Amino acid sequence: MSNNRIFPKTDWQQTAPNDIGMDSAKIAAAKNHLEEQLADAAYRVAIVYKGHLVAEWSRGIDSNDKIHIASANKSLLSSTLGIAITEGKIRSADALATDYYPELMHVTEGEGPKDGRWAFAANRDITLRQLICNVSGYMKPDEAPGQVFNYQTNGMCILSHAIEKAYGLYDSNDPEGSAKISPIYKEKIADAIGANWDYSSGSQNMHAKAKLHIFGWGSAIRTSLGDMARIGWLWCNWGNWDGRQVIAEEWMREVTRVAPDILANNPEETWRYGHGFWTNEHGKLWPDLPREGFTSWGAGGHYAIAFPAAILSSQ
């Protein structure tokens, strides 16, 4: 990586915006706008440029508190899928999910999350890519694989279990006793970038016959603000951390563009989702901002927004 770009060891290097080529007045204006938009709501924000922490703001939340990032975790899951492919644990994103997790079909009528939802014959054709792109139609009889963009937690659990089984970390007969995906998050990503995340797993509360051991049991991280910024900085550098390619650059560039099935089969207003990342490729997220921008996005305002061209053009 360029000598103009640094990577934190233990702590972020704090630098005044003007000292690194940014406009301090615009940073201050951004903070004022944020406070106006959020009124009395709690928030915490870190802005990183060239690897320097140029702003850190918080209100009502301590920056060091480790907080569950909700669906922003989908971007971590996407990153882990790319790592599993690079390591040869998974053949391809276009491999059938049943090749790695055949149990996904073991949900019959009355055993799904609610009425009318169970594993239909068409679900045998779901690919891993369709799961991470939220176009799988899993357990939805009116949604053929690849045809409909529909944000879905159950499909993400299926993908997670497919990756976990590829690494020998999930037994659907013993979900509570299985390690699940957290060791991969820690070893392959957190340890590589110096993040100190907390890990947890759990499942939804559903009716007694719901086969949660098949389509439930998701895993998540809890992170401080500084360590959330680390994963954002990794993504902003196309998966490279101080010369080490943690996530393949080719994969990062692919997954942060609008998913092919969404482009082919869904209306333009949905052209803002890739593979577990939200993307501005077609200007549908932020019309006035650069098209190369992308972000993780979790309920409650958990984002790691990246604009790679901003750092590349400044080298």
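**Exercise 1. The hairpin of E10 and E11**

Task: In this predicted model, determine which residue stands opposite Ala 306 of strand E11, and describe how strands E10 and E11 are joined.

Solution.
1. The residue opposite Ala 306 in E11 is Phe 294.
2. Strand E10 covers residues 294-298, and 5 bridges connect this strand to E11 in an antiparallel arrangement.
3. Between the two strands of the hairpin lie 3 residues, and Gly 300 adopts a positive phi near 95 degrees.
4. Strand E11, residues 302-306, has two faces: His 302, Ala 304 and Ala 306 form the covered one, while Tyr 303 and Ile 305 form the uncovered one.

**Exercise 2. The open sheet**

Task: State in which order the strands of the open sheet E4-E6-E5 are arranged and which of them are edge strands.

Solution.
1. The sheet consists of 3 strands in the order E4-E6-E5, with antiparallel pairing.
2. Strand E4 (67-68) and strand E5 (198-202) are the edge strands, since each pairs on one side only.
3. E4 and E6 are joined by 2 bridges.
4. Ile 67 has Thr 223 of E6 as its bridge partner.

**Exercise 3. Helix H4 and its surroundings**

Task: Describe the length, ends and covering of helix H4 (residues 153-166).

Solution.
1. The helix has 14 residues, and the distance from its first C-alpha to its last is 20 Å, close to the 20 Å expected at 1.5 Å a residue.
2. At the N-terminal end, Gln 152 acts as a cap: one of its side-chain oxygens is 2.8 Å from the backbone nitrogen of Gly 155.
3. Just after the helix, Gly 168 has a positive phi of about 70 degrees.
4. Of the 14 residues in H4, 11 are buried; among them are Met 156, Leu 159 and Ile 163.
5. The elements covering these buried residues include helices H2 (73-86), H3 (128-132), H5 (182-193) and H6 (212-215), together with strand E6 (218-223).

**Exercise 4. A charged residue in H4**

Task: Establish whether Glu 164 is buried or exposed, and which side chain of opposite charge is nearest to Glu 164.

Solution.
1. Glu 164 belongs to helix H4.
2. Glu 164 is buried, and no salt bridge is found for this residue.
3. The nearest side chain of opposite charge is that of Lys 180, at 6.9 Å; a salt bridge requires the nitrogen and oxygen to lie within 4 Å.
4. Beyond its neighbours within four places in sequence, Glu 164 is in contact with Leu 169, Tyr 170, Lys 180, Ile 181 and Ser 219.

**Exercise 5. Helix H5 and salt bridges**

Task: Compare the span of H5 with its expected value, and describe the salt bridge of Lys 188.

Solution.
1. The 12 residues of H5 should span 16 Å at 1.5 Å a residue, and the end C-alpha atoms are 15 Å apart, so the two values agree.
2. Gly 194 follows the helix and has a positive phi, near 75 degrees.
3. The buried residues of H5 include Ile 184, Tyr 185 and Lys 188.
4. Side chains of opposite charge can pair when their charged atoms come close.
5. Lys 188 forms a salt bridge with Glu 87, with an N to O distance of 3.0 Å.
6. This pair links distant parts of the chain, as Lys 188 lies in helix H5 and Glu 87 in the loop between H2 and H3, 101 residues apart.
7. Lys 188 has a relative accessible area of 17% and is therefore buried, whereas Glu 87, at 38%, is partly exposed.
8. The whole structure contains 14 salt bridges.

Technical notes:
Residues numbered from 1 in each chain as written. Predicted model: local features only at pLDDT ≥ 70, side-chain atom pairs only at ≥ 80, totals over all residues. Heavy atoms only, no water. Helix = DSSP H or I, 4+ residues; strand = E, 2+ residues; numbered from the N terminus. Expected span 1.5 Å × (residues − 1). Buried < 20%, exposed > 50% of the residue type's maximum accessible area, 1.4 Å probe, protein only. Contact = heavy atoms within 4.5 Å. Polar contact = N/O pair within 3.5 Å; in protein donor to acceptor, adjacent residues only side chain to side chain. Pairing = 2+ DSSP bridges. Lys, Arg positive; Asp, Glu negative; His and termini not counted.
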